[in-house]
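Me: I have a model open and would like to go through a few spots in it with you. Can we start with how the helices are named?

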Amino acid sequence: MAKNNYLFTSESVSEGHPDKVCDRISDAVVDAFLTADPEARVACETLATTNRIVLAGEVRGPAPLVNADGSVDKARLEEVARDCVKDIGYEQDGFHWKNASVEIHLHAQSVDIAQGVDAAGNKDEGAGDQGIMFGFACRETEVLMPAPIYFSHEILRSMADARHSGADIGLGPDSKSQVTLRYENGVPVTATSVVVSTQHNEGLSSDDVASIVMPHIKHVLPDGWMPPENEIYINPTGNFVIGGPDGDCGLTGRKIIVDTYGGAAPHGGGAFSGKDPTKVDRSAAYVSRYLAKNVVASGVADKCTIQLAYAIGVSHPLSVYVDTHGTGQVDEDQLSTVLQGLVDLSPRGIRTHLGLNRPVYARTAAYGHFGRQPDGDGGFSWEKTDIVAAIKAAF
């Protein structure tokens, strides 16, 4: 029997968190290659530590990012990495966009992987890897996301906006949030605790930091949802001046639950950042969210989980699983059939339907890949609800 009354917690991390710095750089590399060639291939991992940034991985693309001899233009990619760090706001002694060492260790994509992915003769383009991907949507928020992760993201995004605008001059780029909500009869009704840890300028007291952060919590949580004062924890360890990669090493792809549903739904295990859209870790997770969101938005279910499975080099999904968690108004097997008729779930079909071969990925690196507003240039296209009418018509 499903549990209806419980507490559930999700966390988020800011754009200045060490791992998110790396995600941002890796996705900016993807954007650079897709700008030069929409069919470019990229798998870029980034490591960041005290005044050092290291990029490694495999690429396949055109000039100007790849030289005539097949080597990567390291100067251009170093510029991409520095621009990311500068935009995030790091100008610390231990991590500075201008002074950090940047190493580039990207090389040509494996020919063995390429032959499995590329279309040839009668063979359609295959998946870039095997794996399982999940999408999820529910009615807990207007953007059809679980409420704990949504509010966790929004607190940090509000703080970041104030920092970038100069409204909150005492905050640093590195921060984390955590929101616990009480559910009654399966519906979130209030927050029972909130945790925010944020980097700050030298000399600010704990009370100073709390006075800066508290308005952002109050702004984000719905009226009447503030937890008791003794359940709001702002910088509970005290001082937080040394932050970002100077305080802790960062790596691409270590915040996969933050990137998705905050633990409220299954996760296939694959990270998104640094991967071009032929990698189904990314594109199939996006289309799974797209399908689940359209199902919920259409009204045929209040909650929906979708799983897709792929094999490397194979163009069609091995399975399409739909679960409406007892909230569905239609048969789930029929719903699965309808969704597969509406969207071609081959790697090429997903990229075409969602327009994924565009430089729109650096913006996804912080505050979640889902629950965002679609952009006019094609960013967050997987958040559109443009097949709602077709789903309704099918039933």
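Reply: Helices here are DSSP runs of H or I with at least four residues, and they are numbered from the N terminus. Please keep in mind that this is a predicted model.

Me: OK, so where is Asn357?

Reply: Asn357 is placed in the loop that runs between helix H9 (347–354) and helix H10 (388–394).

Me: And is Asn357 buried or exposed?

Reply: Asn357 counts as buried, because its relative accessibility is 17% and the cut-off for buried is under 20%.

Me: What does the side chain of Asn357 reach?

Reply: The side chain of Asn357 reaches the backbone oxygen of Pro38 at 2.4 Å, and a polar contact of 2.7 Å joins it to the side chain of Arg351.

Me: Which residues does Asn357 touch, leaving out those up to four places away in sequence?

Reply: With those left out, Asn357 touches Leu34, Pro38, Glu39, Pro277 and Arg351.

Me: Switching topic, how many disulfides does the structure hold?

Reply: The structure holds zero disulfides.

Me: Why is there no bond from Cys84 to Cys44?

Reply: The closest cysteine sulfur to that of Cys84 is in Cys44, and at 10 Å it is too far for a bond, given that a disulfide needs the two sulfur atoms within 2.5 Å. Cys84 is also buried, with a relative accessible area of 5%.

Me: What about Cys249?

Reply: Cys249 is in no disulfide either, and the nearest cysteine sulfur, which belongs to Cys22, is 6.9 Å away. Cys249 is partly exposed, with a relative accessible area of 30%.

Notes:
Residues numbered from 1 in each chain as written. Predicted model: local features only at pLDDT ≥ 70, side-chain atom pairs only at ≥ 80, totals over all residues. Heavy atoms only, no water. Helix = DSSP H or I, 4+ residues; strand = E, 2+ residues; numbered from the N terminus. Buried < 20%, exposed > 50% of the residue type's maximum accessible area, 1.4 Å probe, protein only. Polar contact = N/O pair within 3.5 Å; in protein donor to acceptor, adjacent residues only side chain to side chain. Contact = heavy atoms within 4.5 Å.
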